[in-house]
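Work through the exercises below with the sequence and the structure at hand. Try each task before reading its solution.

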Amino acid sequence: MLVISAHAADFVWRASGAVATHTATGGTATVVSLSYGERGESGALWSRPGQTLEEVRRIRREEAIAAASILEADFVALDLGDYPLVVDEQATRRLVDLFIETVPDVILIHAPNDPFNPDHPVASQASQRARLLAMGAGGVPAAFPTIPPPAMYAFEPHQPDLCDFKPDTFIDITPVWPVKAKALEAMGAQTYLRDHYTERARQRAFQARYIGAGPEVEYVEAFQLLTPEMRAAL
C-alpha cells in the first residue's frame with residue numbers, strides 16, 4: 001500500500017484505519033507526505049509566541065513519523081512546502097521512483113476536487129500522473145523499470161458533499177480503531193480535527209449498515225475508486 005498525503009496529517013485523519021487494517025494482516029505500507037503542512041495547517045503551533053517555520057516543520061515531522069510508526073508504516077517526506085504546494089518535475093520524478101521502489105498493489109490519495117484546499121487537488125493530480133508514468137506504456141519495455149497497474153482510491157475529503165466525492169468502498173476499521181485513535185492523538189498541531197474524524201467514522205458506519213454491515217461495525221472509512229478500469233481485474 002502506498003498513501004500520498006499533501007500535508008503531514010492528511011493520511012491520519014482520512015486513511016489511517018485502512019493502513020492499520022492492511023498492516024495488521026501482514027501487508028506493508030508506505031506513507032508519502034508531500035509537505036509538512038507547516039504554513040497553512042499547523043494552527044495550534046502558530047498560536048505560540050515566537051514560533052518559527054523551522055520549529056513548526058520539526059514538530060510536524062515528529063508527529064507524522066510517530067503516527068506512521070503507530071500504524072506500522074514507513075514514512076517518507078518530500079518536504080515540498082505548502083500553501084501553495086508545488087510538485088515540479090524533480091518532485092514528480094521522486095514520486096515516480098517511490099512507486100517503482102514500492103510496487104504498490106493499491107494507492108490511497110486525495111480526491112481530485114477540493115474547492116476549499118488548494119493543495120489537495122495538486123497532490124491528487126501529481127499522484128495520478130506519477131502512477132501513469134511509473135506504469136510506462138502499458139507493459140511495453142521502457143528505459144526504466146515499470147510497475148503493474150495498481151488500484152487507486154481517493155480517501156474522503158473534509159467536506160465530501162462539496163468535493164464531488166462519491167464513496168463506493170467502505171472499510172470496517174472497528175477492529176483497529178484503538179490504533180487509529182492513537183495515531184489521531186499523535187497529531188497535536190490539529191487537535192480540533194480529532195472529534196471531526198471520529199464522528200465521520202461513526203457516521204460512515206451507520207451508512208454502511210444500509211449495504212449489509214452489522215451492528216457490530218462501529219467505525220468505517222470511505223473511499224472512492226479512481227481507476228474504474230480495475231474493477232474487472234479486482
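The exercises deal with helix packing, cavities and pockets in this model, which is predicted.

**Exercise 1. Describe how helix α4 packs on helix α5.**

Solution.
Step 1. Locate the helices: α4 covers residues 89-102 and α5 covers residues 119-135.
Step 2. Take the geometry. The two axes lie 9 Å apart, and the angle between the helices is about 60°.
Step 3. Classify the angle. Angles from 65 to 115 degrees count as roughly perpendicular and those under 35 as roughly parallel, so α4 is oblique to α5.
Step 4. Add the handedness: the crossing of α4 with α5 is right-handed.
Step 5. List the partners. From α4 come Glu 89, Thr 92, Leu 95, Val 96, Phe 99 and Ile 100. They meet Ala 126, Ser 127, Arg 129, Ala 130, Arg 131, Leu 133 and Ala 134 of α5.
Step 6. Sort the residues of this contact by class: 8 are nonpolar, 2 polar and 3 charged.

**Exercise 2. Describe the contact of α1 with helix α6.**

Solution.
Step 1. Locate the helices: α1 spans residues 10-24, and α6 spans residues 177-186.
Step 2. Take the geometry. The axes of α1 and α6 come within 9 Å and cross at roughly 145°. The crossing is right-handed.
Step 3. List the partners. α1 contributes Val 12, Trp 13, Arg 14, Ser 16, Gly 17 and Ala 20, while α6 contributes Val 179, Lys 180, Ala 183 and Leu 184.
Step 4. Sort them by class: the contact of α1 with α6 has 6 nonpolar, 2 polar and 2 charged residues.

**Exercise 3. State how many cavities of 30 Å³ or more there are, and describe each lining.**

Solution.
Step 1. The count is 2.
Step 2. Begin with the largest cavity, whose volume is about 80 Å³. Its lining consists of Trp 13, Arg 14, Glu 156, Lys 180, Tyr 197, Arg 200, Ala 201, Arg 204, Val 220, Glu 221 and Ala 222.
Step 3. Assign these residues to elements. Two or more come from each of α1, α7 (192-208) and β7 (220-225). With 4 residues, α7 gives the most.
Step 4. Sort the lining of the largest cavity by class: 5 residues are nonpolar, none is polar and 6 are charged.
Step 5. Turn to the second largest cavity, of about 40 Å³. Arg 14, His 110, Ala 111, Asp 114, His 120, Phe 155, Glu 156 and Pro 157 line it.
Step 6. Sort this second lining: 3 nonpolar, 2 polar and 3 charged.

**Exercise 4. Describe the largest pocket and the second largest pocket.**

Solution.
Step 1. The largest pocket has a volume of about 250 Å³. It is lined by 16 residues, of which Arg 14, Glu 41, Asn 117, His 120 and His 158 are the closest to its centre.
Step 2. Find the elements: α1 and α7 each give two or more residues to the lining of the largest pocket. The largest share, 3 residues, is from α1.
Step 3. By class, this lining has 6 nonpolar, 6 polar and 4 charged residues.
Step 4. The second largest pocket holds about 200 Å³ of space. Its lining is made of Glu 89, Thr 92, Arg 93, Val 96, Asp 97, Ile 100, Leu 133 and Phe 144.
Step 5. Here α4 supplies the largest share, 6 residues.
Step 6. The classes in the lining of the second largest pocket are 4 nonpolar, 1 polar and 3 charged.

Definitions and conventions:
Residues numbered from 1 in each chain as written. Predicted model: local features only at pLDDT ≥ 70, side-chain atom pairs only at ≥ 80, totals over all residues. Heavy atoms only, no water. Axes fitted to C-alpha atoms, helices over the stretch in contact; angles between N-to-C directions. Parallel < 35°, antiparallel > 145°, perpendicular 65-115°, else oblique. Left-handed = near helix turned anticlockwise from the far one by under 90°. Contact = heavy atoms within 4.5 Å. Nonpolar A, V, L, I, M, F, W, Y, C, P; charged D, E, K, R; others polar. 1 Å grid on protein atoms, 1.4 Å probe; cavity = no way out; pocket = protein on both sides within 12 Å on 5 of 7 lines; lining within 4 Å. Points joined across faces, edges and corners; volume = space filled by probe spheres on them.
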